[in-house]
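Got your viewer open? Keep the selection box handy, and let's take a walk through this one together.

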Amino acid sequence: MLVIAIPVIAFSPMFGHLVGYAVSETGGLSELRDRNPGMMLLIALAITVAFLSSWGSSLGLLDAELDFWWELALLVVIMLAGHWLEMRSLAQTTSALDSLAALLPDEAETIVDGETVMVDPADLRLGDTVVVRPGAAVPADGRVIDGSASMDESMVTGESTTVRRAEGDTVVAGTVATDSGLRLEITATGDDTALAGIQKLVSEAQNSTSRAQRIADKASAWLFWFALGAAVVTAIVWSLVGMPDSAVVRTITVLVIACPHALGLAIPLVVSIATERAARGGVLIKDRLALEMMRTVDSVLFDKTGTLTKGEPTVTAVEVTTENRTEGEILALAAAAEADSEHPLARAIVRAARNRGLDVPVATNFSSSPAVGVKAQVDGAEVAVGGPNLLGEHGAGEAPLAAQWSREGAIILHVIVDGSVIGALKLADEIRPESREAVDALHGRGAQVVMITGDAEAVAQAVAAELGIDRVFAGVHPADKAAKVAELQGEGRKVAMVGDGVNDAPALAAADVGIAIGAGTDVAIGSAGVILASDDPRSVLSVIELSRATFRKMKQNLWWAAGYNLISVPLAGGVLAPIGFVLPMSVGAILMSISTIVVAVNAQLLRRLDPRPDVSASAAQ
């Protein structure tokens, strides 16, 4: 008795009030208060009636035929199992808003009376002077008052290319100085920073996202009124024919038999299996409404950087401007000069040389000049690698292909040996090899493919042309990405947004389905309903196929669960009594169990679905 008494006391509202915690009201009471009757109210009604009648029967107050203890126990156990499966299927994730706050450094280095003092970024005030060391994050929005640095703004903009910020330029909280230190004058703190603005957009988008009524709830609402109406009709008819005792028995039988055992498992079990299968294919379902909605998507909006492309600069071409050199020699010399640099472009050059298996000579006397380039001694010659300012220092002209590469939005670095230009390197954000296949497959499913990016129009159009993308939004600021989602939705489209950066978070939250690349930021992941553990954009196709297969199983299970009630409720009410057949309660309980087994077995067929993105998924029928 003690084992039974403990949970009863623990879930008592009065006991909770005395101890200091709140016990939420039951689902049935909530549906009654909201005037939205459904499965929970029907379950509560059936449990209450069955309990009271069984109690009365046990006390000898009612007929022995009204003893429904074992049916009542079966009802409670199966419904609790359904709710447990439902809760188990929900993904546990961190908050997107907490992840935004985590971009800020733990401490800020300020200058007070000529001395450096470490303070909490929350304590910064307008006009404070802050030192940002190489590799450190900016603690608050500010204006550069001393120094210059290449800023990695990918955490905020989602774009991989570093941006040079010098005296007079503004920098935003959360960005990182990659190669040099800066001194800033704080221009915005707290809620006024750009990062806080994005945080607000995420919050608003999440709060404004409509929460569609689940299919099972709608079916349960219809079933509630059907069962209640059938019970009333049953009571009236049996009473009119002069059999009041049978009226009570038949009415209770209808209410108990109508309890949606199978319906309670129809959706949670399908979702549980679907999410498990998805996880095996590298697709994490955080919001089951997103999974249900994905089947209706007709427009997929991809962020460019880090989604369709690799999100990092890559050497995509080498031009030779002198007859006595080869592409390999030029790339090897450039890699030798850049070997000691930590700049992202330098790492890309060294990586390209290593990938080609080139023999990179050892360089000495390395030096770098911000916004100009690097130089070093390689095999007795001075090798310099840099951009337009480097050419200006040497009075040299651009390589012939430089203008064309520039129009394509690429970064061009020239290689100079002893004052003479010997070649040029084209660096760009490399397109993922799987992206074209993903775009073609989406077109095959009748979906419009749209790309959105903060990059210039030339860069965006070059990528779109190569991939066959239908529509491009270029030069879009972070705060405007959610507006582009709304623009597509205003055209009557169901939009899935795929992205990986902080700037994608508001758009992910505002889209009908937000899909985050798992290698992206925690903020993007926290704002999405679906998370791709890999960087493969073809995984989006897996989500579509999984959504369609899952929806089919949901419909099949709902039809079976509802169909069972459409047949069993009239039989329980005694519709065939005139010909001598009345459905016994024991038979009804067995039918309920069978219906649950059918639903469970049908859901298990989802395990035949291959969730891998590189396989043409065929949904389980």
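Here is a tour of ring pairs, surface patches and salt bridges. Keep in mind that this is a predicted model.

**Stop 1: the rings**

Start by selecting Phe 51 and Trp 69 and showing their side chains. How are the two rings arranged? Their centres sit 5.7 Å apart and their planes are at 80°, so this pair is edge-to-face. Now colour the helices: Phe 51 belongs to α4 (residues 39-58) and Trp 69 to α5 (residues 69-88), so the pair ties together parts that are 18 residues apart in sequence.

Add Trp 55 to your selection; this residue is also in helix α4. Ring pairs link Phe 51, Trp 55 and Trp 69 into a cluster. If you search the whole structure, you'll find 2 aromatic pairs.

Next, switch on the surface. Are these rings tucked away? Phe 51 is partly exposed, with a relative accessible area of 36%. Trp 69 is partly exposed too, at 32%, and Trp 55 is partly exposed at 46%.

**Stop 2: a nonpolar patch**

Stay where you are and widen the selection to Phe 51, Leu 52, Trp 55, Leu 59, Leu 61, Leu 62 and Trp 69. Together they form a nonpolar patch on the surface, with about 720 Å² of accessible area. Which element gives the most to this patch? That's α4, with 3 residues.

**Stop 3: a negative patch**

Now select Asp 106, Glu 107, Asp 120 and Asp 123, which form a negative surface patch. Zoom in on Glu 107, found in the loop between α6 (96-101) and β1 (108-112). Glu 107 has 49% relative accessibility, so it counts as partly exposed, since the exposed label needs over 50%.

**Stop 4: a salt bridge from a strand to a loop**

Side chains of opposite charge can pair when their charged atoms come close. This model has 17 salt bridges. For one of them, select Arg 133 and Glu 109, whose side chains meet with 2.7 Å from N to O. Arg 133 is in the loop between β3 (129-132) and β4 (141-146), while Glu 109 is in strand β1, so you're looking at a link between distant parts of the chain, 24 residues apart. Check the surface again: Arg 133 is partly exposed at 46%, whereas Glu 109 counts as buried at 14%.

**Stop 5: a quick look at Glu 153**

Select Glu 153, in the loop between β5 (149-152) and α7 (154-157). Is Glu 153 buried or exposed? Buried, with a relative accessible area of 9%. Measure across to Val 163 from C-alpha to C-alpha: the two are 10 residues apart in sequence and 7.4 Å apart in space.

**Stop 6: helix α20**

Jump along to Lys 481, which forms a salt bridge with Asp 504, their closest N and O atoms being 3.0 Å apart. Lys 481 is in helix α20 (residues 481-490) and Asp 504 is in the loop between β20 (495-499) and α21 (505-510), 23 residues apart. Both Lys 481 and Asp 504 are buried.

Stay on α20 and select Glu 487 and Lys 484. They form a salt bridge as well, with 3.6 Å between the closest N and O atoms. Because they are 3 residues apart in the helix, about one helical turn separates them. Glu 487 is partly exposed at 35%, and Lys 484 is partly exposed at 24%. For the last view, add Arg 471, Glu 491 and Arg 493: salt bridges that share partners join these residues with Lys 484 and Glu 487 into one network.

Technical notes
Residues numbered from 1 in each chain as written. Predicted model: local features only at pLDDT ≥ 70, side-chain atom pairs only at ≥ 80, totals over all residues. Heavy atoms only, no water. Patch = residues over 30% accessible without salt bridge, like charges linked within 9 Å, V, L, I, M, F, W, Y side chains within 5 Å. Areas by Shrake-Rupley, 256 points an atom, 1.4 Å probe, with all protein chains shown as cover. Salt bridge = Lys/Arg side-chain N within 4 Å of Asp/Glu carboxyl O. Lys, Arg positive; Asp, Glu negative; His and termini not counted. Charge placed at Lys NZ, Arg CZ, Asp CG, Glu CD. Helix = DSSP H or I, 4+ residues; strand = E, 2+ residues; numbered from the N terminus. Buried < 20%, exposed > 50% of the residue type's maximum accessible area, 1.4 Å probe, protein only. Phe/Tyr/Trp six-rings, centres within 6.5 Å; stacked < 30°, edge-to-face > 60°.
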